[in-house]
Amino acid sequence: MSDDQFKNVISHAKEYGYIFQSSEIYDGLSAVYDYGQNGALLKNNIKAYWWGAMVQMHENIVGIDSAIFMHPTTWKASGHVDAFNDPLIDNKDSKKRYRADVLIEDHVEKIRQKIEKEVKKAEKRFGDSFDKEQYLGTNPRVMGYQEQISTIMNRFVKAMEAEDLADVKQLIEDEQIKCPVSGSMNWTDVRQFNLMFGTQLGSVAEDATTLYLRPETAQGIFLNYLNVQKTGRMKIPFGIAQIGKAFRNEIVARQFIFRMREFEQMEMQFFVRPGTEMEWYETWKERRLNWHKSLGFDIAKYRFHDHEKLAHYANAAADIEFEFPFGFKELEGIHSRTDFDLSQHEKFSGKKLQYFDPELGENYVPYVVETSIGLDRMFLAVLSTSLQEETLEDGSSRTVLNLPAFLAPYKVAVLPLLKKDGLPEKAREIVNLLKFDHMVQYDEKDAIGKRYRRQDAAGTPLCVTVDHQSLEDHTVTVRFRDTMEQIRISVGELPALVNEKVALSTQLEKL
Ligand code: GAP
């Protein structure tokens, strides 16, 4: 997708009430966005899909909703006060600030793309007899690129682990990484920058306590581990899920809702017996990828990326990357967090956070496998993939938002063909028939063709048109967004048809 197409996604999101810049009338607030009338509905539907798949479909997973404010010691124990940093670097000519790790990863991605190009060329050359694995393992040029990537990444990981920021800068210089804006290599030193937002609790300055806005929802789950385990009589393995806001003072917040300073996460911590975490890690990688694939988008848009540099709490980690309009980027993380968090909270709180395993007859601190997805990123993945510009058989074009029907904000638009002759009243009857189960829109303005196009662009999967015949025989025309096919059915058949097409339950059954 080109830059122009991405710009098109952003302007479409605004025009159709999906996403607005926050505080727009005051010229906006950087990297903060509001969800409009359609956006709020799409977002809720994505949450329902996640919650349904995680909580409703698993007897051993329950959901909570913990507060954004937490005791400040939480963040000391979790390591966020000391280690939740990004390495930043400024270009002295453009005055632009970058994450050093992102500059390096983007550079590596470019080398990776060279490999892809070579593979494509070879595929063409060799046709059906092409063996990709063999080619990757034997072609000298490709092997050279691979070697280059691992040398860069090994050096970077080593430098970060040793907190050798001077070497990170040196690596950027050695690789001749230039500022994308100024094109120069006039870099400052690399510095660490903590991403947490601090605020004050209490009205009197001297007595005020510094609190942090949570940078991940996971800690609310860890702090409630024992409450939930005991009151829910949960037996290991079990999970606790949560959807909620998180806040990060991102250094570089670009690319629309991909990287925001206020965003939402959907996280699940799965508590397991020590020693079984790798099995569960693999299981959750597979289950989560399956959740994504079930949406029916092109599966070539997904790939796993194993972390080379692990977060301070993890012994294994992988991202599910998605091909966004600006390339493959992290959409979801699956992390094996060991017993790091619960052990740290035991240490800092002095309270035992253990589990008595009746089968083993012993107490232990459970290990944790986490799945963590950004709701806003998921929203962007869905929106950008669904927006299509189609050329029709007659040569005309239409803009259509091919959202999976169960995610669409409005499921049905009811359209009286004319604004007279009792057609609006009949159409209102149909709205009243469907509105208890679905979001239904009534639209009587403009010619019918124009109304269809408007609903196509807004993503409404079904249009129901009421005409004069409807008054006589109680039938209506149903038009399908994706195929533009039209069928005539009786009003009595409508509720079942709509249900069949848009129900979340049908989607959950696919998992
Ligand atoms: N509890 C683990 C954790 O927070 P993470 O990889 O830092 O891990 C998890 O974040 C997910 O949250 C990411 O995969 C991404 O989808 C989303 N996310 C992280 N930072 C974000 C930001 N600034 N804006 C939007 N989404 C973000």
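Reader: How do you know that β4 and β5 are paired, and in which sense do they run?

Author: Two strands count as a pair if DSSP finds at least two bridges between them, and 3 bridges join β4 (residues 85-90) to β5, so the rule is met; the two strands run antiparallel. Within this pairing, L88 has R99 of β5 as its bridge partner. The names follow DSSP runs numbered from the N terminus, where a strand (E) needs at least two residues and a helix (H or I) at least four.

This is a predicted model, in which local features need pLDDT of at least 70 and side-chain atom pairs count only at pLDDT 80 or more, while totals for chains, interfaces and linings use all residues. Residues are numbered from 1 along each chain as its sequence is written, and side-chain values use heavy atoms, with hydrogens and water left out.

Reader: Why are β5 and β6 called edge strands?

Author: The open sheet of 3 strands has the order β5-β4-β6, with antiparallel pairing, and β5 (97-99) and β6 (191-194) each pair on one side only. From one strand to the next the twist averages 45°, an angle taken between N-to-C directions on a scale from 0 to 180 degrees, with axes fitted to C-alpha atoms, for helices over the stretch in contact.

Reader: Which strands lie at the edges of the open sheet of 5 strands?

Author: That sheet has the order β20-β19-β21-β22-β23 with mixed pairing, and its edge strands are β20 (440-442) and β23, each of which pairs on one side only. Here the twist averages 25° from one strand to the next. Helix α15 (residues 448-458) lies across β19 (412-416), β20, β21 (462-466), β22 and β23, and runs at about 170° to β19.

Reader: What makes β22 and β23 a pair, and what do they form together?

Author: Strands β22 (residues 475-480) and β23 (residues 486-490) are joined in the antiparallel sense over 5 bridges, with V478 opposite I487 and T477 opposite R488. Together β22 and β23 form a hairpin with 5 residues between them, and M484 in the turn has a positive phi of about 65°.

Reader: Into which domains is the chain divided, and how many residues does each side give to the contact of domain 1 and domain 3?

Author: The bounds, which come from an automatic or database domain assignment, give domain 1 (1-72 + 210-391), domain 2 (85-194) and domain 3 (392-510). The C-alpha centres of domain 1 and domain 3 lie 34 Å apart, and their contact (heavy atoms within 4.5 Å) takes 25 residues from domain 1 and 26 residues from domain 3. The two domains bury about 2,200 Å² between them, 62% of it on carbon and sulfur atoms; this is the accessible area (1.4 Å probe) that two parts lose on being put together, summed over both.

Reader: Why is the meeting of E390 and R398 called a salt bridge?

Author: The term asks for a side-chain nitrogen of Lys or Arg within 4 Å of a carboxyl oxygen of Asp or Glu, and the side chains of E390 and R398 meet at 2.9 Å, N to O, so the pair satisfies the rule. Across the interface of domain 1 and domain 3 the rule finds 1 salt bridge. On the side of domain 1 that touches domain 3, α2 (37-56), α13 (375-386) and β17 (387-391) each supply at least two residues, and α2 gives the most, with 10 residues.
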